[in-house]
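Here are my notes for you to read beside the model. I have kept each point short so that you can check it as you go.

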Amino acid sequence: MSVVLGGFFWFLAVVAVAAGIAVFRVDSMARATYALALSFVSVGVMLLLFNLEYIGVITILMMVMEMAIMAVFMIMFMGMNPALMPMSMVHSKRSSMILAGGGFVVLAGGALLVPWPARRGGPAADLTQSLGEAIMGSKMLVMLTVSPVLFATLVAALVLASPRGRYDRFGDDLRISPPRGPEQKDGRS
Amino acid sequence: MPDGVVQVGLLGPVVAAVLLGCVAFFAAALDGVFVARMGRRSVRSGVASPVWEVARLLRQRRRSVVAADSLLWRVGVSGLLVVALLKAVVVPLGSWVVADLSVGVVWFNAMDVMVWALVWMAGWGANSAFSLVGGYRFLGQALLYELPLMFALTAPVVAAGSLRVGDVVTAQEGLWFVVWMPVAFLVFCAGVIAFSVWGPFSPALGRDIGGGVLVELSGVDRLLLLAGRYALLSAGAGFAVALFLGGGSGPFAPPWVWTLVKTLAVLFVFVGVRRMFAVLRPDRLVEAAWVVVLPAVLLQVLFVSLVVVGR
Amino acid sequence: MTLDAVLVASAALFCVGLYGALSQQVVVMVMMGLELMLNGVILAVAGLWWFLAPAPDGQVLLLVVIAAMTVEMAMGFAVATLLHRSRESDMTDTATDLSG
């Protein structure tokens, strides 16, 4: 059983890394985005191997959602049709390659050489429930911090990204109904 | 069902796939009947219409498009059926289920997020403007239905105190959840119709853009996408029965019969919705979804939580 | 499946992401590199948690990493949109005046 699990783990690891490399190798923005999604899905399935069912499925859910939206931004911001022409939009490729390679040697070497301590304790019977109790009990402060950060991000991102506020939509005294649609560049609405 | 649900053996996935196919065929035949009745043709021709359509599409030649992204296109087109099957895996039939995952409800949710990617890929891959417009329309629609759908899924989970579908079914023994969480039920049903790109939520396949995602699809590709749509609708109906309509509970008949009967009844309404409502534009609907529906579902979840705390 | 294997896999993911984040010119591609690095972090955290101390509350750290990812995405898209609107460009090299 453990041999099968080990083989499955290595398969997933190879898929995750290969998909990660593909992100920066393929020519199509859409394929790059979904290669990243594939990498995330394999990591999500790996989490399932550690019995982290809730976190694993949530990772898959969130990342597929993010990548579906990311694909839209990718295609929107590339000022050409990336599906049709090969592209290479990189700078300082050599030094990045050296840094990344050196980083891998250090990290992997550390992972292999450090004498890891023996396992302490065992997992709870129902990990999802224990996670919920941790969030609502001893680790509540963490979540209390994360939620205002997320809210602030939401507001800040909207403020940065939206070209118009409510006075543009509803008029100077906020009475226009229905609200004005987004204006085009040439002034049409 | 006092003991919740039991998992079936290796034959389970095969039976589930066949059953999902049959239920999806029922939905297609029903839609055929509705069309036939409107055209004053016989009911029999309506029932047979999906059969003829399948035969026609299987014989039709596959259209190929210049510079198509075939990999993403094929994945998107065939993926809907796979996702529907993966959803059906956690839907209990009476007291049997293929896999009673401890996070079954989240699993269902994760699978319906897959539909976002798949429909968009099917629209993108064809390298056709209208097809891509359809894909973008679906993403726009996804942004408006997904959050209410997630919170609608939360309500029965909170009431049952478990993410396991079997526990949710067991928790409804006294009273079906639809009775005291009707808002969540309605929003869930709307969500199912939306992720199946069906009826009022099908602008991604709109006639105004020549069929949207379907515009370049022919032959077996078109068959896969249309069948995937019916399969998603069927899996969603089955899940609605498990979450809100008491699963297999009912008098005089074994649980699996009741599950099937309820699923087909829900499916009847889903298919009929297509004939009752016009197609809704996502950009018009988004304000209503975020300003009205989302707070309504949140209030529903609050109500359920208060009941659970007070119990 | 050992801790070493998990950590090597996560190091590989992290470094592929590092390469992308350093070398790509397009803001959205840089974000994909950052995402890939965080992907490696998720895997490493999960591996360390499972093989060293599977205490109940260690999972909270994973939730924090996922939340950090969401924040990164949202702010990245917002800044990219703003850059694109104000300068008609989304290359990091044209935005060097924003540094420091």
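1. A good place to begin is helix α11 of chain B, where Pro282(B), Ala289(B), Val293(B), Val297(B), Gln300(B), Val301(B) and Val304(B) are buried. Please keep in mind throughout that this is a predicted model. What do the buried residues of α11(B) pack against? Their partners are α5 (129–160) and α8 of chain B.

2. Do look at the course of that helix too. A kink of about 45° is centred on Ala289(B), a residue that is also on the buried list for α11(B). The helix runs over residues 282–310, and at 1.5 Å a residue its 29 residues should span 42 Å; the end C-alpha atoms are 39 Å apart, which agrees.

3. From there, turn to α8(B), one of the two packing partners of the buried residues of α11(B). This helix covers residues 182–195 and contains Ala194(B). Is Ala194(B) buried or exposed? Ala194(B) is buried, because 28 other C-beta atoms lie within 10 Å, where 20 or more are enough to call a residue buried.

4. The contacts of Ala194(B) are worth tracing in your viewer. Setting aside neighbours within four places in sequence, Ala194(B) is in contact with Gln141(B), Tyr145(B) and Phe201(B). For a sense of distance within chain B, the C-alpha atoms of Ala194(B) and Leu57(B) are separated by 25 Å, with their positions 137 residues apart along the chain.

5. Now to the way the chains meet. Two pairs of chains touch, and chains A and C have the most contacts among them. How far apart are the nearest C-alpha atoms of chain B and chain C? They are 15 Å apart, and these two chains do not touch.

6. In the pair of chains A and C, 59 residues of chain C are in contact with 70 residues of chain A. On the side of chain C that touches chain A, the elements giving two or more residues are α1 (3–23), α2 (27–52) and α3 (59–87) of chain C. Of these, α3(C) gives the most, with 19 residues. By residue type, this side of chain C divides into 43 nonpolar, ten polar and six charged.

7. Chain B also meets chain A: 18 residues of chain B are in contact with 20 residues of chain A. Helix α4 of chain B, residues 104–125, gives the most to this side of chain B, with ten residues. The side divides into 15 nonpolar, two polar and one charged.

8. Chain C deserves a paragraph of its own. Chain C has three helices and zero strands, in the pattern α-α-α along the sequence. Its radius of gyration is 16 Å, well over the 13 Å that the globule rule gives for 100 residues, so chain C is more spread out than a compact globule. The C-alpha trace of chain C spans about 50 × 25 × 20 Å along its principal axes. Buried residues make up 50% of the 100 residues in chain C. Of the contacts in chain C between residues at least 6 apart in sequence, 54% join residues at least 24 apart.

9. Finally, a word on confidence in chain A. The average pLDDT of chain A is 84, and 88% of the residues score at least 70. Where does pLDDT stay under 50 in chain A? That stretch is residues 185–189, for which the model has four contacts beyond four places in sequence.

Technical notes. Residues are numbered from 1 along each chain as its sequence is written. Chains are lettered from A and ligands numbered from 1 in the order in which they are written. This is a predicted model: local features need pLDDT of at least 70, side-chain atom pairs count only at pLDDT 80 or more; totals for chains, interfaces and linings use all residues. Two residues are in contact if their C-beta atoms, placed from the backbone, lie within 7 Å. Helices (H or I, at least four residues) and strands (E, at least two) are DSSP runs, numbered from the N terminus. Ala, Val, Leu, Ile, Met, Phe, Trp, Tyr, Cys and Pro count as nonpolar, Asp, Glu, Lys and Arg as charged, and the others, Gly among them, as polar. The radius of gyration is taken over C-alpha atoms; the globule rule is 2.2 Å times the number of residues to the power 0.38. A residue is buried if 20 or more other C-beta atoms lie within 10 Å of its own, exposed if 12 or fewer, and partly exposed in between; C-beta atoms are placed from the backbone. The expected span of a helix is 1.5 Å times one less than its number of residues. The bend at a residue is the angle between axes fitted to the seven residues ending there and the seven starting there. pLDDT is the predictor's confidence in each residue, from 0 to 100.
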